[in-house]
Amino acid sequence: MSGASSARGTTLRLTVAQALVRFLAAQYTERDGARQRLIAATWGIFGHGNVAGIGQALVEDPALMPFHQGRNEQAMVHAAVGYARQSRRLSAHAVTTSIGPGATNLVTGAALATVNHLPVLLLPGDTFAGRPADPVLQQLEVPYAGDVSVNDCLRPVSKYFDRVGRPEALIPAALAAMRVLADPVETGAVTLALPQDVQAEAYDWPEEFFAERIWRVRRPRPDTVELDAAVRAIRAAERPLIVVGGGVGHSGAEDALRTFAERTGMPVATTQAGKGALPYDHPSETGGIGHTGSSTANALAATSDLILGVGTRYTDFTTASGTLFPDGVRFVNLNIAGFDAHKLGALPLVADAREGLTALTQALGGHRQDTTRWTTSKQDWQERIDAAYAVPDEDARPTQAQVLGVLDTLVDGSDILINAAGSLPGDLHKLWRTRSPDQYHVEYGYSCMGYEIPAALGVLLAAPDRPVWALVGDGTYLMNPTEIVTAVQERLPLRLIVLQNHGYASIGGLSEVVGAERYGTDYRHRDAFGGFTGPPLPVDLGANAASLGMRVLRPRTVRDLREALADARTATVPTCVYVETETPDTVSGPPPAQAWWDVPVAETSTRPSAVKAREEYDRHVTARRRHL
């Protein structure tokens with residue numbers, strides 16, 4: 001490294017990789033007067049394509065950029081996403097990989113980040129820009145396009161993509177990347193593909209490139225015309241309902257939501273991403289909405305004449321595939337993204353969630369709804385939760401719902417629960433009693449199996465003094481246990497609950513409902529006809545977790561489970577609670593689905609189960625509505 005003066009000012013001679021690391025270390029976000037690093041750390045797995053570039057730059061000056069060693073490229077992105085969500089999108093991590101499979105392994109994690117509007121910076125190595133040898137190891141040859149590499153797979157799942165083919169091209173590319181990462185509307189996965197020869201090339205960089213730069217995260221206020229229209233619609237409604245999505249958490253709008261609900265008396269239902277915006281025992285909170293929601297919230301939705309959506313994308317689980325809300329209902333959508341604000345033929349209110357709710361509260365003045373129409377229904381739903389959590393026999397093997405019930409008795413608002421896929425998201429959405437705004441961390445935009453363990457590491461890095469729980473079934477555990485090694489290496493006290501039910505419980509149940517008869521969802525030996533026979537496979541995931549360095553507790557009964565979870569909660573080392581669960585045949589399980597979800601069923605079949613499933617499907621389809 002050297003400095004020099006020229007007509008354009010003082011310069012520093014660094015490689016492209018060295019310059020990028022130095023640049024990233026000087027980027028900050030600011031919102032409400034609070035400042036934090038935009039890129040707080042880098043995850044990496046090194047191979048040819050980044051070991052002599054980004055790898056060398058990180059070791060050149062390790063004080064500039066904290067580093068975390070991953071074991072799987074997809075998992076590193078999940079960890080970065082967990083960190084970004086816990087940081088309310090104000091701080092993010094970068095992820096660097098080699099070319100070839102290292103780069104393509106990023107695609108699933110990138111899609112998850114972009115679907116959920118969560119920032120992550122991807123720095124995959126790329127093939128030689130100068131093409132001194134063609135092809136190189138792991139290069140994809142495309143006969144019709146010499147400028148294509150496997151990194152082009154990341155284009156459709158990135159909010160911004162650039163390939164840095166020359167050193168000086170890094171300057172506009174890096175600035176554009178930071179702009180997108182800090183934009184509350186556009187944020188998601190951002191990819192800077194870095195050819196391995198360019199990473200190592202030196203260039204005289206203007207010192208201004210490395211100056212501290214603050215990216216202010218906007219809080220746009222609502223347009224007065226849109227605000228007036230929204231206020232008129234709310235005043236005219238007799239049975240309004242608020243549907244809260246993840247935008248409330250990203251904005252930090254929980255207090256504004258509480259004030260709005262208390263002033264207006266409007267009930268609040270929550271999507272998976274919005275759960276926790278109000279604590280479960282707040283009088284206005286009515287539970288989850290949609291396919292995995294509560295009967296209270298869904299009954300309100302089915303009889304409402306106005307839906308005020310706040311920070312929600314209205315996925316099919318939320319709308320029950322277009323069957324939940326009645327004909328003639330009107331929508332007002334408060335969303336920072338105009339794309340989402342206009343959904344379902346709504347009156348749009350394009351604004352930051354906190355600013356929009358504050359403006360609505362002030363504009364509505366003393367307008368207030370009846371607050372008693374859901375009280376009895378909410379009490380009945382809480383009794384159904386109690387029944388699912390009930391333990392008639394402390395010495396019996398626990399059901400999945402009972403595991404959640406025991407955990408419910410041990411946690412407080414400081415605990416954070418992480419889940420993404422399987423049967424647990426549905427059970428958690430219906431049953432979990434959320435105590436704090438960020439306690440409920442369920443990734444249900446992409447619902448990616450294997451998200452939970454690495455995401456928990458990212459959350460632990462963002463909230464090191466809080467108990468963080470990753471809840472997974474056996475199917476999800478088998479997808480991505482690798483970052484257990486990272487937790488052990490970095491001494492992160494991950495609390496992992498593995499529920500062993502010997503198969504894909506969620507998709508198995510869905511398979512049965514749609515006439516596919518649980519085919520391919522069981523963990524047993526196959527017979528000659530493609531079916532399953534005999535006892536479950538002799539798979540011991542607890543032993544696997546122990547082999548990766550975790551301390552493993554093996555409760556056999558509910559009584560054991562209480563002791564094991566209490567032990568894990570105070571643990572200072574990565575600890576796994578491995579539970580073989582019981583099917584709820586003799587005790588109450590979670591309430592069934594409270595609304596429909598559209599999974600098309602075979603229109604013709606020779607199997608009676610599929611024929612019956614199609615009849616039920618056709619019955620539900622007739623209730624679908626298009627809100628225009």
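A residue is counted as buried when its relative accessible area is under 20%. This criterion is applied here to aromatic residues of a predicted model.

A search of the whole structure identified 10 aromatic pairs. One of them joins tyrosine 203 and tryptophan 205, whose ring centres lie 4.8 Å apart; because the ring planes meet at 70°, and angles over 60 degrees count as edge-to-face, the pair is assigned to that class. Both tyrosine 203 and tryptophan 205 are buried. These two residues also belong to a cluster, linked through ring pairs, that includes Phe23, Phe209 and Phe210. At Phe210, a charged group is found as well: the charged end of arginine 22 sits over the ring of phenylalanine 210, at 5.9 Å from the ring centre.

A further pair is formed by tryptophan 596 and tyrosine 617, with ring centres 5.7 Å apart and planes at 55°, so this pair is classed as tilted. The contact connects distant parts of the chain, the two residues being 21 residues apart. Tryptophan 596 lies in the loop between strand E26 (575-580) and helix H24 (608-621), whereas tyrosine 617 is located in helix H24 itself. Tryptophan 596 has a relative accessibility of 12% and therefore counts as buried. Tyrosine 617, with a relative accessible area of 11%, is likewise buried.

A charge placed over an aromatic ring is also found at tyrosine 28, where the charged end of arginine 35 sits over the ring at 4.1 Å from its centre.

Notes:
Residues numbered from 1 in each chain as written. Predicted model: local features only at pLDDT ≥ 70, side-chain atom pairs only at ≥ 80, totals over all residues. Heavy atoms only, no water. Phe/Tyr/Trp six-rings, centres within 6.5 Å; stacked < 30°, edge-to-face > 60°. Buried < 20%, exposed > 50% of the residue type's maximum accessible area, 1.4 Å probe, protein only. Helix = DSSP H or I, 4+ residues; strand = E, 2+ residues; numbered from the N terminus. Lys NZ or Arg CZ within 6 Å of the ring centre and 35° of its normal.
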